[in-house]
Each structure stands twice: as C-alpha cells, then as structure tokens.
Amino acid sequence: MKKISSVNVIGSILNHFESGEKLTVKDCMRLYGTCDLRKYMTLLKRKGYENQDFWEESINRHGDTVKFKVYYL
C-alpha cells in the first residue's frame with residue numbers, strides 16, 4: 001500500500017472542506033487512508049482556518065447507540 005504524505009492528506013482534506021462537504025474520522029479513513037482527522041483539524045486551525053464540529057448519533061451494527069464528531073469549515 002502506498003503511503004500518502006501528510007502534506008497531500010491535509011491538502012486533500014482542505015479541498016474536501018472547501019467544496020462544502022463534512023468529514024468524520026471514518027470518512028477520512030476511507031477517503032484518505034488516515035484515522036487522525038483531529039490532528040489535521042488542529043493543523044488547519046493553526047494555519048488560520050476556522051473549523052467547526054458537532055456530535056452526531058447513530059446505531060451501530062450491534063444495535064448500540066454510538067456518538068461521533070462531524071467536522072467542517
């Protein structure tokens with residue numbers, strides 16, 4: 001599996017947000033091969049981007065209620 005550099009990942013995430021879309025950690029893993037979305041949100045904040053998030057609830061495959069964050073700019 002080809003490793004993607006952090007610069008490419010943060011650029012891809014920024015493009016994703018600039019197109020008006022939101023991301024979860026699961027989406028980030030599926031789309032960009034990293035589960036460290038919080039790190040990239042912190043890096044974007046340090047670069048001056050105003051990021052937002054909210055909690056969402058869903059039911060997992062076992063029938064349990066789970067909470068996760070959704071991030072956007």
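These exercises work through a predicted model of one protein.

**Exercise 1. Fold outline**

Task: State how many helices and strands the protein has, and in what order the elements run.

Solution:
- Step 1. Count the elements: the protein has 3 helices and 2 strands.
- Step 2. Read from the N terminus: the order is α-α-α-β-β.
- Step 3. Place the C-alpha atoms in a box along the principal axes. That box is roughly 40 × 35 × 20 Å.

**Exercise 2. Burial, surface and charge**

Task: Find what share of the protein is buried, what its surface is made of, and how far apart the mean charge positions lie.

Solution:
- Step 1. Take burial. Of the 73 residues in the protein, 25% are buried.
- Step 2. Take the surface. The protein exposes about 5,600 Å². Carbon and sulfur atoms supply 49% of that area.
- Step 3. Take the charges. There are 13 positive and 9 negative ones. Their mean positions are 8 Å apart.
- Step 4. Take the contacts between residues at least 6 apart in sequence. Of these, 40% join residues at least 24 apart.

**Exercise 3. The cysteines**

Task: Decide how many disulfides the structure holds, and assign Cys28 and Cys35 as buried or exposed.

Solution:
- Step 1. Search the whole structure: 0 disulfides turn up.
- Step 2. Check Cys28. Its nearest cysteine sulfur belongs to Cys35, 8.4 Å away. A disulfide needs sulfur atoms within 2.5 Å, and Cys28 is in no disulfide.
- Step 3. Check Cys35. Cys28 supplies the nearest cysteine sulfur here, and Cys35 is in no disulfide.
- Step 4. Assign Cys28. Its relative accessibility is 0%, so Cys28 counts as buried.
- Step 5. Assign Cys35. Its relative accessible area is 52%, so Cys35 is exposed.

**Exercise 4. The aromatic pair**

Task: Classify the ring pair of Phe54 and Tyr72, and say where each residue sits.

Solution:
- Step 1. Choose the descriptors. A pair of aromatic rings is described by the distance of the centres and the angle of the planes.
- Step 2. Count the pairs. The whole structure yields 1 aromatic pair.
- Step 3. Apply the descriptors. The ring centres of Phe54 and Tyr72 are 6.0 Å apart. Their planes meet at 55°, so the pair is tilted.
- Step 4. Locate the residues. Phe54 lies in strand 1 (residues 52-59), and Tyr72 in strand 2 (residues 65-72). They are 18 residues apart, and the pair links distant parts of the chain.
- Step 5. Check exposure. Phe54 is partly exposed, at 29% relative accessibility. Tyr72 is partly exposed too, at 26%.

**Exercise 5. Surroundings of Tyr72 and His16**

Task: List what Tyr72 and His16 touch beyond four places in sequence.

Solution:
- Step 1. Start with Tyr72, in strand 2. Its contacts are Phe17, Glu21, Lys22, Met41, Asn51, Gln52, Asp53 and Phe54.
- Step 2. Add a backbone distance. The C-alpha atoms of Tyr72 and Glu50 are separated by 9.0 Å. Along the chain, these two are 22 residues apart.
- Step 3. Turn to His16, in helix 1 (residues 6-18). At 12% relative accessibility, His16 is buried, because the cut-off for buried is under 20%.
- Step 4. List its contacts. His16 touches Glu21, Lys22, Leu23, Leu31 and Tyr32.
- Step 5. Compare the lists. Glu21 and Lys22 touch both Tyr72 and His16.

Terms used: Residues numbered from 1 in each chain as written. Predicted model: local features only at pLDDT ≥ 70, side-chain atom pairs only at ≥ 80, totals over all residues. Heavy atoms only, no water. Helix = DSSP H or I, 4+ residues; strand = E, 2+ residues; numbered from the N terminus. Buried < 20%, exposed > 50% of the residue type's maximum accessible area, 1.4 Å probe, protein only. Contact = heavy atoms within 4.5 Å. Areas by Shrake-Rupley, 256 points an atom, 1.4 Å probe, with all protein chains shown as cover. Lys, Arg positive; Asp, Glu negative; His and termini not counted. Charge placed at Lys NZ, Arg CZ, Asp CG, Glu CD. Phe/Tyr/Trp six-rings, centres within 6.5 Å; stacked < 30°, edge-to-face > 60°.
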